[in-house]
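User: Please take a close look at one part of this model, and follow it residue by residue where that helps. What surrounds it, and how is it connected to the rest?

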Amino acid sequence: MSESNKPRLRAFETAPHQKHIADEDRYLYKSGQASHKLVVIGTGTIGQEHMRVAALLGRGKIHGIFDTSTRSMDVAEENFRKISADPLIRYNDLESACMDPAVDAILICTPNFTHFEVLQTALKSEKPIFLEKPMATELGEAAKIVEIAENYKSFIQIGLQYRYKAQYAEALHEVLSRNTLGEVKTVSMSEYRPPFLDKVKQWNKFNEFSGGTLVEKCCHYFDLINLMADSKPIRVYASGGQASNFLDLEIDGRKSDIDDHAFVVIDYENEVRANFTLNMFCADFSEELIVTGNNGRILASEKSNFQQQGPHEATLQVELGEQGASRSSQVGYPRLVEQSGHHGATFYEHIVLMDRLENKRGEGATPLQGLWAMIVASAAQESVVSKQAVEIDEFVDRHQLSSLAR
Ligand SMILES: NC(=O)c1ccc[n+]([C@@H]2O[C@H](COP(=O)([O-])OP(=O)(O)OC[C@H]3O[C@@H](n4cnc5c(N)ncnc54)[C@H](O)[C@@H]3O)[C@@H](O)[C@H]2O)c1
């Protein structure tokens, strides 16, 4: 059995009653051999998730961290100490973090409005780069990242990891690999959730710093919808606004201006029609994706029992009528993997990242896919303001993206 295929019993790796099994006797619960040294830039919510996931997966080692906030580094280090005894370098500046010759890959986990600037320093290293979503706050910068990636010595992977959530990974497999639904005709996606969480300096409460709600959060959903539709969006219409959240939040004389609900309709070149619903003033988290083709329908859903702190539930329903076998099932990953962040999606995103560092197959989300998710999101935001449908060809020309997004 190869190392990567053996059924690792992770729960026993740290179990107190199994600590008497010495390292030389460990097989099923032996930790992986960490061969890649990673540096995390920005050690807030997602930076720490990447540190946790890397430690759990064990193929990469968190070599060092850098954050402009000492408090964020202190907390990240304190939390890291609970899961790893490995040494951790705290860099004094971005340049030394990126240029350290010992580092094999750079993970950029800073707020959206800093991505482009931080990336410029990271690029000088010519090392593999993982860049959190959305790749930028503006389409012009996102397009430049696509161009840069095409000529970059190494790779740039974008943090659009919802495609690895159990229910979406299964749904994508059914639709794109098994062709279960025949020709896809409609895609419908929704997210109902509580307001945006607190962030360092509350950057996600302002369009200027986040790129806007539909770019900041919903690029994940537009990426999934684009994958399912498997075609180019040609028209986007959206209605939305700020109805309930952060209406009284004002920082340095600036009022929060982010949308908290929206309805988006997308037409694709291959005549697939899609819609997306967002509501961010709910008590709990739930997501649903419904894809319908000429053979049937798939429903992938996730409900988080956030208020009761109960386990989250992900399900996949395949409804084929007389066209084939229907089924309804719970889907998920091992609990430790799910608990490491985003119900396991980040863990599987790291597997792809590690595979790429080892020159194996797989590419994760590409900068071009990140750009297309941003094109749909930005067009939707424009439509919310103009109250008109946005023709994507015209939109792409206006933003001088034609050479990339055709
Ligand atoms: N893929 C996902 O599911 C997912 C989930 C959450 C956040 N994100 C993305 O990750 C990024 C960070 O989000 P977060 O929730 O961790 O925010 P956060 O506010 O919790 O953390 C951001 C950290 O970056 C630090 N920082 C700010 N500017 C910096 C700079 N120039 N150099 C170094 N550090 C800097 C801040 O001090 C803070 O500690 C955002 O782009 C966000 O959209 C992705």
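Analyst: In what follows, two residues are in contact when they have heavy atoms within 4.5 Å of each other. The model is predicted. I start at one arginine and its helix, then go on to the main sheet and its surroundings.

Arg356 belongs to helix 11, which spans residues 345–357. Apart from neighbours within four places in sequence, Arg356 is in contact with Phe155, Ile156, Gln157, Gly362 and Glu363. What is the nearest side chain of opposite charge to Arg356, and how far away is it? It is that of Glu363, at 5.4 Å. A salt bridge requires a side-chain nitrogen of Lys or Arg within 4 Å of a carboxyl oxygen of Asp or Glu, and Arg356, although buried, has none. The backbone of Glu363 is another matter: the side chain of Arg356 reaches its oxygen at 2.8 Å.

Helix 11 also holds Glu349. This residue is buried, with a relative accessible area of 1%. Neighbours within four places aside, Glu349 touches His50, Phe130, Gln157, Ile158, Gly159, Leu160, Gln161 and Tyr164. Gln157 is thus among the contacts of Glu349 and among those of Arg356. For a sense of distance, the C-alpha atoms of Glu349 and Gly253 are 39 Å apart, with their positions 96 residues apart along the chain.

Next, the sheet. Nine strands make an open sheet with mixed pairing, in the order 16-15-14-13-7-12-11-8-17. Strand 16 (327–330) and strand 17 (390–391) are its edges; each has a single partner strand, so one side of each has no neighbour in the sheet. Helix 6 (residues 166–177) packs on this sheet and touches strand 7, strand 13 (286–293), strand 14 (297–303), strand 15 (313–319) and strand 16. The direction of helix 6 makes about 170° with that of strand 14. Helix 12 (residues 367–386) packs on the sheet too, touching strand 8 (233–241), strand 11 (261–268) and strand 17, and its direction makes about 50° with that of strand 8.

Within the sheet, strand 7 (residues 184–192) pairs with strand 12 (residues 273–279) in the parallel sense through seven bridges. Glu191 is placed opposite Leu278 of strand 12. Strand 13 and strand 14 run antiparallel and are joined by seven bridges; they form a hairpin with three residues between them. One bridge in this pair links Leu289 with Ala300 of strand 14. Strand 14 is also antiparallel to strand 15, again with seven bridges, and here Leu299 stands opposite Gln317 of strand 15. Five of the seven residues in strand 14 are buried, so this strand is largely enclosed by the rest of the structure.

The loop between strand 14 and strand 15 contains Gln309. Is Gln309 buried or exposed? Its relative accessibility is 67%, and it counts as exposed. Gln309 also has a positive phi of about 55°, though it is not a glycine. Phe246, another residue that is not a glycine, has a positive phi of about 55°; it lies in the loop between strand 8 and strand 9 (250–251).

Strand 8 itself includes Val236, which is buried at 0% relative accessible area. Residues up to four places away not counted, Val236 touches Val264, Val265, Ile266, Val376, Ala379, Ala380, Ser383, Gln388, Ala389, Val390 and Ile392. Val236 lies 34 Å from Ile41, C-alpha to C-alpha, and the two are 195 residues apart in sequence.

Ile41 leads to another set of paired strands. It stands opposite Ile108 in strand 4, where strand 1 (residues 36–41) and strand 4 run parallel, joined by four bridges. Strand 4 (residues 105–108) is covered on both faces: Ala105 and Leu107 are buried on one side, Ile106 and Ile108 on the other. Strand 4 also pairs with strand 5 in the parallel sense, over three bridges, and Ile106 faces Ile129 there. Between strand 5 (129–131) and helix 5 (139–151) is a loop that contains Pro134. The peptide bond joining Lys133 to Pro134 is cis, with omega about -20°.

How values were computed
Residues are numbered from 1 along each chain as its sequence is written. This is a predicted model: local features need pLDDT of at least 70, side-chain atom pairs count only at pLDDT 80 or more; totals for chains, interfaces and linings use all residues. Side-chain values use heavy atoms; hydrogens and water are left out. Helices (H or I, at least four residues) and strands (E, at least two) are DSSP runs, numbered from the N terminus. Buried means under 20% relative accessible area, exposed over 50%, partly exposed in between (1.4 Å probe, protein chains only). Lys and Arg count as positive and Asp and Glu as negative; His and the chain ends are not counted. A polar contact is a pair of N or O atoms within 3.5 Å; within protein, one must be able to donate a hydrogen and the other to accept it, and residues adjacent in sequence count only if both atoms are side-chain atoms. Two strands pair if DSSP finds at least two bridges between them. Axes are lines fitted to C-alpha atoms, for helices over the stretch in contact, and angles run from 0 to 180 degrees between N-to-C directions.
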